[in-house]
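Thank you for making time for this today. I would like to walk you through one structure, going from its empty spaces to its rings and then to a few single residues.

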Amino acid sequence: MKIILLLSLIIVFYTFAGYGILLYIIIKVKRIVKGPKKAIVEDLDNLPTCTLVVAAYNEEFFIKDKIANSLLLNYPAGRLKMIFITDGSSDNTPGIIAAYPQIKLLHQPQRAGKIAAVHRAMDFVDTDAVVFTDANTFLNKDALIKICRHYSDLTVGAVAGEKRVHFDENADASAAGEGFYWKYESALKKWDSELYSVVGAAGELFSVRRSLYLPVDADTVLDDFMISMLIAEKGYRIVYEPEAYATETASENVSEELKRKIRIAAGGIQSILRLKSLFNPFPYPILSFQYISHRVLRWTVTPFLLILTFVLNIALVVETNATAWQLLLFAQVLFYLLAFFGYIMEKRQLRIKILFIPYYFCVMNYAVLAGIVRYFTTTQSAVWEKAQRKQ
């Protein structure tokens, strides 16, 4: 029982902190041995042709701002195209986009989901690179340049931009927790990229070589993750570009964020089952190590180990009454009490930031459990399930 508890603790710690610490140490050693990371040459005259693809479903509230933001993006003249696809939209989103001749509008009344829309848009893409971004996110002016400069390296098959979550000082747990989570994720992606490859890209902003794009199954939930990982599976790297970033507002509240996280967790299990080849470390050992450490553990065993650790800890305290086990149990109980108080404060709309992190941590791990149940008990659909965002 003691061994199982200790192993569980080690895996939990490794998943949420240990991998980051190990990655940081490896990168430091790599820089000492091989020297500092080489600066990326930015040759504006030789950037690849690029298409910006935006899939929008009933986004009339955001779409004018998104168009304005897109038209202000810097890129060499004559080398950038834009496609907005609005399949299934029942509001005025298509009508607003149609007023801009610089943008190619694709629209059909049937709603088949985001990935079906993206696949349809790809039939019209004839450029070297394609950049995907969401309709409710806004890019920095040089985002496309910062992304596409990486394609001068023929080992690069995809580029992941940075996601930034905007929240104000009065942010609730969903906003503050999500913001903290993405800052930590950004650090991990930066180190992953420097070691070898990012483990998947987020749909807010990512890019692929057009020649490497593969359509994924129609029921794929995490299409952005799967599209990028299928490229990594071929032996190409996914690099991280923090100087290209997409900013979006946080979810409206924890309930909306939980709905989104459950769907992501279900998509995570689906992705793991479809990327079984990455469990074989022989073709690409570093990628397999990164994939299991950064994604698989979070999406599978770790939430169950949190429960197991707590239960075994109680059993050991009852059986041995040892001080070490008592202290460990006290620490666990204190952490979950802080999370519970965070829940209470959230319901009463009281902002105590020290409680946001444990509360959000518990919400995320509950979402993984719920997502696993959802995956094995319901039919997966790629049709958009939009979370409400703060406006």
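**Spaces, rings and a few single residues**

The structure holds 1 cavity of 30 Å³ or more, and I should say at once that what you see is a predicted model. Rolling a probe the size of a water molecule over the atoms shows where empty space is left. For the largest cavity, that space comes to about 90 Å³.

Which residues line the largest cavity? They are Val-53, Val-54, Ala-55, Lys-114, Val-118, Phe-132, Thr-133, Asp-134, Gly-203, Phe-206, Asp-223 and Ile-227. If you look for the elements behind these names, strand S1 (50–55), helix H4 (114–122), strand S4 (129–134) and helix H7 (223–233) each supply at least two residues of the lining. Sorted by class, the lining of the largest cavity has 7 nonpolar, 2 polar and 3 charged residues.

Let me move on to a pocket. The second largest pocket holds about 750 Å³ of space, and 26 residues line it, with Lys-37, Lys-38, Ile-40, Glu-194 and Arg-237 lying nearest its centre. At least two lining residues of this second largest pocket come from each of helix H1 (2–34), helix H6 (173–195) and strand S8 (237–249), and the largest share, 6 residues, belongs to S8. By class, the lining of the second largest pocket divides into 10 nonpolar, 4 polar and 12 charged residues.

Staying with strand S8, I would like to pick out Glu-241, which has its place in that strand. Is Glu-241 buried or exposed? With a relative accessible area of 2%, Glu-241 is buried, because buried means under 20%. The side chain of Glu-241 makes a polar contact with the side chain of Arg-149 at 2.8 Å, and the side chain of Glu-241 also reaches the backbone nitrogen of Glu-243 at 2.8 Å.

Now to the aromatic rings. A pair of aromatic rings is described by the distance of the centres and the angle of the planes. Counting pairs whose centres lie within 6.5 Å, we arrive at 16 aromatic pairs. Take Phe-335 and Phe-361 as one of them: their ring centres are 5.5 Å apart and their planes stand at 85°, and because planes over 60 degrees apart count as edge-to-face, that is what we call this pair. Phe-335 lies in helix H11 (residues 323–347) while Phe-361 lies in helix H12 (residues 356–377), so the pair ties together parts that are 26 residues apart in sequence. Phe-335 itself, at 29% relative accessibility, counts as partly exposed.

A further pair is formed by Tyr-375 and Phe-376, whose ring centres lie 5.0 Å apart with the planes at 85°, so this pair is edge-to-face as well. How do the two residues of this pair stand with respect to the surface? Tyr-375 is buried, with a relative accessible area of 19%, whereas Phe-376, at 58% relative accessibility, counts as exposed. Tyr-375 falls on the buried side because the cut-off is under 20%. Coming back to Phe-335 and Phe-361, ring pairs link these two with Phe-16, Phe-310 and Tyr-336 into a cluster.

Rings also take part in another arrangement here, with a charge placed over them. The charged end of Arg-111 sits over the ring of Tyr-57, 4.0 Å from its centre, and the charged end of Arg-164 sits over the ring of Tyr-245, 3.6 Å from its centre.

Let me close with the backbone in the loops. Most residues other than glycine have a negative phi, and most peptide bonds are trans. Asn-58, however, has a phi near 50°, a positive value in a residue other than glycine. Asn-58 lies in the loop between S1 and helix H2 (63–71), and at 22% relative accessibility Asn-58 counts as partly exposed. Asn-321 also has a positive phi, of about 55°, although it is not a glycine, and Asn-321 is found in the loop between helix H10 (302–320) and H11.

One last loop residue is Lys-234, which has its place between H7 and S8 and counts as partly exposed, at 37% relative accessibility. Its C-alpha atom and that of Pro-36 are separated by 27 Å, and these two residues, Lys-234 and Pro-36, are 198 residues apart along the chain.

How values were computed: Residues are numbered from 1 along each chain as its sequence is written. This is a predicted model: local features need pLDDT of at least 70, side-chain atom pairs count only at pLDDT 80 or more; totals for chains, interfaces and linings use all residues. Side-chain values use heavy atoms; hydrogens and water are left out. Rings of Phe, Tyr and Trp (its six-membered ring) pair if their centres lie within 6.5 Å; planes under 30 degrees apart count as stacked, over 60 as edge-to-face and the rest as tilted. Helices (H or I, at least four residues) and strands (E, at least two) are DSSP runs, numbered from the N terminus. Buried means under 20% relative accessible area, exposed over 50%, partly exposed in between (1.4 Å probe, protein chains only). A charge sits over a ring if NZ of Lys or CZ of Arg is within 6 Å of the ring centre and within 35 degrees of the ring normal. On a 1 Å grid over the protein atoms alone, a cavity is a set of points where a 1.4 Å probe fits but cannot get out, and a pocket is an open set with protein on both sides within 12 Å along at least five of seven lines; lining residues have an atom within 4 Å of a point. Grid points are joined across faces, edges and corners, and a volume is the space filled by probe spheres set on the points. Ala, Val, Leu, Ile, Met, Phe, Trp, Tyr, Cys and Pro count as nonpolar, Asp, Glu, Lys and Arg as charged, and the others, Gly among them, as polar. A polar contact is a pair of N or O atoms within 3.5 Å; within protein, one must be able to donate a hydrogen and the other to accept it, and residues adjacent in sequence count only if both atoms are side-chain atoms.
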